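Trainee: Please take one part of this model and go through it closely. I would like to look at the ligand and the residues around it.

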Amino acid sequence: MSQNLGTSKPVSLVCRQGGSLGMGIIYMDNAATSFPKAPGVVEAVAHYLEHIGASAGRGAHRLAREAESLLWDTRRLLANLFGVSEPKRVVFALNVTQALNMALFGLLREGDHVVTTSMEHNSVMRPLRHLERVRKISISLAQADREGVLEPQRVLELIRQETRLVVMNHASNVTGGILPVKEVAKLKGAAMLLVDAAQTGGAVPIRMEDWGVDLLAFTGHKSLLGPPGVGGLCLAPHVQLPPLIHGGTGTGSESHYQPLELPLAMEAGTHNMAGIAGLRAAASYILERGVESIMEYEGRLLEKLLEGLGGIKGVRIYGPSDILERVPVISINMVGMHPDHLAAVLEEGFGILVRPGLHCSPSAHQTLGTFPEGTVRISLGPLQEEKDVKALLQALEEISSQFGP
Ligand SMILES: Cc1ncc(COP(=O)(O)O)c(C=O)c1O
């Protein structure tokens, strides 16, 4: 945490008891990782560790077969969730960062041109900047407006004949604003489209193949409500990608070369089976509850939150005003208070956990005009309750009257 807290007033607010987790805290950092996880996740991880334990594809004994069926079940659920016609085209990785690296390093060659946006996370920007150095790719940045809203035209006008790839967020992890992925997919022409669905998987309906998205990267531990350590990449039927990592797959072991067939071509090394067991439970929960109904529920919380925030003196809200254009991630600042200080007061005074700073997305903050201090990010989840939102609003009211303008 930065030392420059903007004001030297002490944290003198009374700590509230309760909170939706029953531990005296209210967790509102779901954009970093969701907590609590979906019902059934903890049990599923424990069940795998206690009763299965084996690796998928390593051996033909009953526990290896059970692990294999768990792995494929999870692929099927994710294919269903994201609109992928063949489950073998869902390949597992550690997280969305690894999945994005698989796609970027696999697709981009010397001299390629890439279009991306000013709202990207470092998991896109850093590999792109590295490839700019080592493979001499060129990068064009589609600029979003001061609220982080990006017109599809800003992306489309940058696409040229040698553009190999457009890579963009489905929703910003800073403002929660949904980016025009569907519109870009429709009009991008021959360029490939890689979507970072870190903030939307499980929270926004996704039909990747119907939309014309070529590659979709996801992470299991955010809005998918699963454990950390598992994510992946979905490939449209026409997409071929060389592997980022080579090694054992449990198949074709006589060969010194990586198998060509999906998904194993992209999945060298032992899978995170405990994580995958948890993700299966989480994806089942999401499919049963319904992504539309989760979106509706979160939309109602978001509406209450935005309405309340609008009435608090000194609070500046960033991001699109249209509720339908957002996932439940909101960035705010309080006039006269450094974001680190506001977050510290929320935690120490009220037990509310949020995340201040740049959220690994410096160019998004440059776009919003909040660089280098950043914002306070409040991110809700589908297991959050309205009383949590009320508690946050009450806390911010009190903070505004003590520290605000
Ligand atoms: C939009 C976006 N992309 C990528 C990431 C990286 O996620 P992970 O750490 O799971 O790879 C995050 C989360 O921090 C994110 O919000």
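Mentor: We start with the ligand site, then turn to one loop residue and to confidence.

This is a predicted model: local features need pLDDT of at least 70, side-chain atom pairs count only at pLDDT 80 or more, and totals for chains, interfaces and linings use all residues. Residues are numbered from 1 along each chain as its sequence is written, and side-chain values use heavy atoms, without hydrogens and water.

The ligand is surrounded by 13 residues. A residue counts as near if one of its heavy atoms lies within 4 Å of the molecule. The closest are Thr97, Asp196, Gln199, His221 and Lys222.

Now the polar contacts (pairs of N or O atoms within 3.5 Å). Aspartate 196 places a polar side-chain atom 2.6 Å from a ligand nitrogen. In threonine 219, a side-chain N or O atom is 2.7 Å from a ligand oxygen. Valine 96 uses a polar backbone atom, 3.4 Å from an oxygen of the ligand. On its own the ligand has 400 Å² of accessible area, and the protein covers 88% of that. The areas come from the Shrake-Rupley method with a 1.4 Å probe.

Next, histidine 246. It sits in the loop between β8 (231-235) and α8 (273-289). Leaving aside neighbours within four places in sequence, histidine 246 is in contact (heavy atoms within 4.5 Å) with Gln258 and Ala268.

Last, confidence. pLDDT is the predictor's confidence in each residue, from 0 to 100. The chain averages 94, and 94% of the residues score at least 70. Over residues 1-19, pLDDT is below 50. Where pLDDT is low, the predicted coordinates should not be read in detail.

Key:
Helices (H or I, at least four residues) and strands (E, at least two) are DSSP runs, numbered from the N terminus. A polar contact is a pair of N or O atoms within 3.5 Å; within protein, one must be able to donate a hydrogen and the other to accept it, and residues adjacent in sequence count only if both atoms are side-chain atoms.
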